[in-house]
Every structure is written in C-alpha cells, then in structure tokens.
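Below are some comments on the model, set out as numbered points. They cover charge pairs, the nonpolar core and the charged surface patches.

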Amino acid sequence: MILPIVAYGDPVLRKVGKEIDKDYPNLEKLISDMRETMYNASGVGLAAPQIGKDIRLFLIDASPFAEDEELEASDREALKNFNKVFINAEIIEESGDEWAFNEGCLSIPDVREDVFRQESVTVEYQDENFKTITETFTGLAARVFQHEYDHIEGILFTDKLSSLKKKLIKKKLEKISKGKINAEYRMRFPNIKNK
C-alpha cells in the first residue's frame with residue numbers, strides 16, 4: 001500500500017525515533033508498504049518518520065545510482081546491490097574528509113542543496129530478521145545512510161545548510177508545509193488549513 005509522505009513542518013520529522021523489537025505490530029507489512037511508497041516516489045531511501053512513525057526504521061535502495069556514469073566505478077559497484085532495511089541503527093564512527101553532494105528529500109520536494117558529510121561511517125543495525133550487523137559504508141553509500149539516519153534522529157538535510165542558504169529557502173519550506181507544492185506522489189501536509 002502506498003502511504004502518504006509527511007511534508008516538511010510536521011513535528012514527527014523532528015522526533016528522535018524509538019527503538020523497536022521483533023514484536024512491533026505488523027512490521028513486515030510496514031516494511032513492504034514503505035518499500036512500495038519509496039519506489040512510487042522514485043526515492044532511494046525512506047525513513048519511518050517520513051510516513052508518520054517515530055521509530056528507528058529506514059530503508060535504502062541506492063541501486064539506481066549504480067547506473068550513474070559520473071560516479072567512480074568503485075562507488076557504482078558498491079551501490080549496485082545496496083538495498084537494505086535498517087532497524088535500530090546507530091553510527092559507531094564517522095571518518096574521512098567531508099565532501100559536498102547535492103541532496104534532496106521526499107519530505108521536502110523541489111529543494112536540492114549541496115550538503116557536506118563525512119566520507120565513511122561504521123554502523124551497527126538490525127536487519128528485518130533482527131540479526132545484528134556491523135558494517136562500514138563509504139562514498140555515496142555512506143552519504144545515503146547518513147541522510148536516512150538523520151531522519152531517525154529528528155534531523156533534516158536542510159539543518160546542515162549555512163544560515164544564508166537557510167534564509168534563501170525559507171519561503172520554499174513554508175510553502176511546502178502549507179501544501180503549496182506539486183509533488184509527484186501522495187503527501188500529508190502539516191499546515192493546510194481546513195475550511
């Protein structure tokens with residue numbers, strides 16, 4: 001089932017997600033619905049807060065980036081099969097030089113900005129079978145992970161912009177929260193006035 005994606009301005013996007021266990025109600029269906037919602041919106045990641053749930057769960061399918069000829073061959077190879085479910089993820093270590101990449105977010109349509117993130121992250125998480133995994137991601141895989149991880153920490157990519165950039169996009173963000181945007185997918189807006 002395709003779920004509406006929560007738009008910028010909704011308080012759920014600012015909550016730190018709660019850990020879940022294997023008894024979380026209808027988890028398999030939730031993951032399936034989130035995957036369908038992410039693909040419907042042409043996203044490469046989707047976090048539970050973006051569908052209104054303040055839990056530590058997100059999905060990533062970065063395989064579309066494997067076709068990007070501008071990326072290095074090693075990056076394309078790493079992304080080819082990067083399709084994972086992350087439950088209760090924690091970043092153990094971030095390392096390497098910060099680098100900029102143009103990011104967007106399904107909760108903030110039509111806003112794309114360069115964001116600086118570290119090159120490498122070592123993370124611990126549970127997969128959909130609640131097997132604990134420790135893994136290190138680098139390059140674009142690390143970046144996509146960090147973007148989705150921020151969602152379960154109540155952080156949006158726009159928080160990482162300079163104060164000047166924030167001022168420049170402020171009106172756009174206000175319009176998004178009021179539903180004055182044409183998204184290609186279903187959304188739920190926090191500040192639509194009911195008549």
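1. Glu135 has a relative accessibility of 22% and therefore counts as partly exposed. The model is a predicted one. The side chain of Glu135 meets that of Lys84 in a salt bridge, with an N to O distance of 3.2 Å. Lys84 sits in strand β4 and Glu135 in strand β6 (residues 132-138), so this pair ties together parts that are 51 residues apart in sequence.

2. A second pair worth checking is Arg117 with Glu103. These two form a salt bridge whose closest N and O atoms are 2.7 Å apart. The pair links distant parts of the chain, with Arg117 in strand β5 and Glu103 in strand β4, 14 residues apart. Are the two partners buried or exposed? Arg117 counts as buried because its relative accessibility is 3%, and Glu103 is buried because its relative accessible area is 5%. Salt bridges with shared partners join Glu103, Arg117, Arg143, Asp150 and Lys160 into one network.

3. A third pair also involves strand β4. The side chains of Arg56 and Glu90 meet in a salt bridge at 3.4 Å, N to O. Arg56 belongs to the loop between β2 (45-47) and β3, and Glu90 to strand β4; the two residues are 34 residues apart, and the pair links distant parts of the chain. The partners are not equally covered: Arg56 is buried, with a relative accessible area of 4%, while Glu90, at 34% relative accessibility, counts as partly exposed. Side chains of opposite charge can pair when their charged atoms come close. The count for the model comes to 14 salt bridges.

4. On the nonpolar interior: the largest nonpolar core has 36 residues, and those with the most contacts inside it are Leu27, Met34, Leu57 and Ile108. At least two residues of this core come from each of β1 (5-6), α1 (27-40), β3 (57-61), β4 (83-105), β5 (108-126) and α4. Which element gives the most to this core? That is α1, with five residues. In soluble globular proteins, nonpolar side chains tend to be buried together.

5. The negative surface patch should be read alongside the pairs above. Glu94, Asp97, Glu98 and Glu119 form this patch. β4 gives the most to the negative patch, with three residues, and Glu98 is found in strand β4. Strand β4 also holds Glu90, of the pair with Arg56, and Glu103, of the pair with Arg117.

6. There is a positive surface patch as well, formed by Lys171, Lys175, Lys178 and Lys180. Where is Lys171 found? Lys171 is in helix α4 (residues 163-177). Its relative accessible area is 62%, so Lys171 is exposed. Helix α4 is also among the elements that each supply at least two residues of the largest nonpolar core.

7. A last point concerns Val12, in the loop between β1 and α1. Val12 is a buried residue, because its relative accessible area is 8% and buried means under 20%. Its C-alpha atom and that of Arg112 are separated by 21 Å, and the two residues are 100 residues apart along the chain.

Note on methods:
Residues are numbered from 1 along each chain as its sequence is written. This is a predicted model: local features need pLDDT of at least 70, side-chain atom pairs count only at pLDDT 80 or more; totals for chains, interfaces and linings use all residues. Side-chain values use heavy atoms; hydrogens and water are left out. Patches are made of residues with over 30% relative accessible area and no salt bridge: like charges are joined within 9 Å, nonpolar side chains (Val, Leu, Ile, Met, Phe, Trp, Tyr) within 5 Å. Accessible areas come from the Shrake-Rupley method with a 1.4 Å probe; for residues, only the protein chains shown count as cover. A salt bridge is a side-chain nitrogen of Lys or Arg within 4 Å of a carboxyl oxygen of Asp or Glu. Lys and Arg count as positive and Asp and Glu as negative; His and the chain ends are not counted. The place of a charge is taken as NZ of Lys, CZ of Arg, CG of Asp or CD of Glu. Helices (H or I, at least four residues) and strands (E, at least two) are DSSP runs, numbered from the N terminus. Buried means under 20% relative accessible area, exposed over 50%, partly exposed in between (1.4 Å probe, protein chains only). A nonpolar core is a set of buried Ala, Val, Leu, Ile, Met, Phe, Trp, Tyr and Cys residues joined through side-chain atoms within 4.5 Å.
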